[in-house]
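Subject: Structure for you to look at

Hi,

Here is the structure I promised to pass on. Please open it alongside this message; my notes follow below.

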Amino acid sequence: MSVTESLHLALAEAFGGPLADALVEQHDNWLNRHGNWPAWCQMRDTLPAVTQRWRLQDGCLTAGEDVDQPDLLTEQLKSFIPWRKGPVCLGGVAIDTEWRSDFKWTRLARHINLRDEQVLDVGAGNAYFGWCMLAAGARRVFGCDPTQLFIAQHEVIRHFAGLAANHLIAARLEDLPPALSGFDRVFSMGVLYHRRDPLEHLNALKARLRPGGGLVLETLILDGPDDQVLVPPDRYANMRNVHALPTRQRLESWLQASGWTATEWIDITATTSAEQRRTEWMPFHSLSEALSADDPTLTREGLPAPLRAIVLARKPT
Ligand SMILES: C[S@@+](CC[C@H](N)C(=O)[O-])C[C@H]1O[C@@H](n2cnc3c(N)ncnc32)[C@H](O)[C@@H]1O
């Protein structure tokens, strides 16, 4: 069974055949809009045959048995650069991703119980966290992400890991059909600050949950006691699409206005270059180029350096 067939089957089981048919067609159309998609598929199809299996080993997604020609596999996997989320080890080749995403998962995991939950991970990237969620007991994970390269990476990972219940849909949250809802848990990590209208995003997340379902929200915040929001005038930490950094108080009031209850702040951490850095698998600008050379508490634009919060909340029953 191909990755897309497995996605179709899971969608049909969870939401019925007509939704699965329409969404998989939309998924395929979106992927084919990217000029590199055929080349990525061709490269994926030349990957060596392996016994499929996966496990998380010290936070590293380790999938497939070791291959006979690791140098060739390294070259093949480098066609999918930049690798941002991981770490991942495929067929014995260690991919040192830009982000040590396992650090974030470690800050989060002990605060949530995903046992038997059906989860939606919005802005899932290559779906690294979906493997963590399955390992933590989730029944099934659907991620969504519009970036075609990350879907290609997910398909590469699944070539080694096999067809576990960690599925990735090529779509933005706002393009998913309304009937894709009733989830036990919705994750939005690293997405809110990219949205022009944060309240609209929080409302859209709530619409995907069953009554009483849980939210995991991870986002950039602004340090300070006041009710404030920083709207970067131009770039923020080299990123063009960061629209709003709220203080804790402002984020609380957004969550309240959007109708969330039982808000629980579980972590606030400044991003360090141990967690986000340039590697041979992501050889472009990373955190150190995003910070001021003179003062690492500031970004290169002179704004406060990245500080990330994780907040849990519930949709009322
Ligand atoms: C900063 S990354 C975060 C990835 C991962 N969730 C994490 O926490 O490391 C943001 C991701 O959101 C995706 N994204 C951007 N706009 C989106 C939207 N409207 N709906 C869903 N995903 C979106 C991007 O493609 C990107 O992979």
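A residue counts as near the ligand if one of its heavy atoms lies within 4 Å of it. Keep in mind that this is a predicted model.

On that cut-off, 19 residues surround the ligand. The closest are Lys104, Gly123, Asp145, Thr147 and Met189.

Which polar atoms does the ligand meet? The side chain of Asp145 has an N or O atom 2.6 Å from a ligand oxygen. Leu173 uses its backbone: an N or O atom there is 3.0 Å from a nitrogen of the ligand. Glu174 has a polar side-chain atom 3.1 Å from a ligand nitrogen. On its own, the ligand has 590 Å² of accessible area, and the protein covers 87% of that.

Now the sheet. Seven strands make it up, and it is open. The order is β9-β8-β7-β10-β11-β15-β14, with mixed pairing. Strands β9 (166–169) and β14 (261–270) are at the edges. Each has a single partner strand, so one side of each has no neighbour in the sheet. On average, neighbouring strands are turned by 15° against each other, direction ignored.

Look at the β9 edge. Strand β8 (residues 140–144) runs parallel to β9, and four bridges join the two. Cys144 stands opposite Ile169 of β9.

Last, helix α6 (residues 128–135). This helix lies across β7 (118–122), β8, β9 and β10 (183–189). Its direction is at about 165° to β8.

Best wishes

Definitions and conventions: Residues are numbered from 1 along each chain as its sequence is written. This is a predicted model: local features need pLDDT of at least 70, side-chain atom pairs count only at pLDDT 80 or more; totals for chains, interfaces and linings use all residues. Side-chain values use heavy atoms; hydrogens and water are left out. Two strands pair if DSSP finds at least two bridges between them. Axes are lines fitted to C-alpha atoms, for helices over the stretch in contact, and angles run from 0 to 180 degrees between N-to-C directions. Contact means heavy atoms within 4.5 Å. A polar contact is a pair of N or O atoms within 3.5 Å; within protein, one must be able to donate a hydrogen and the other to accept it, and residues adjacent in sequence count only if both atoms are side-chain atoms. Accessible areas come from the Shrake-Rupley method with a 1.4 Å probe; for residues, only the protein chains shown count as cover.
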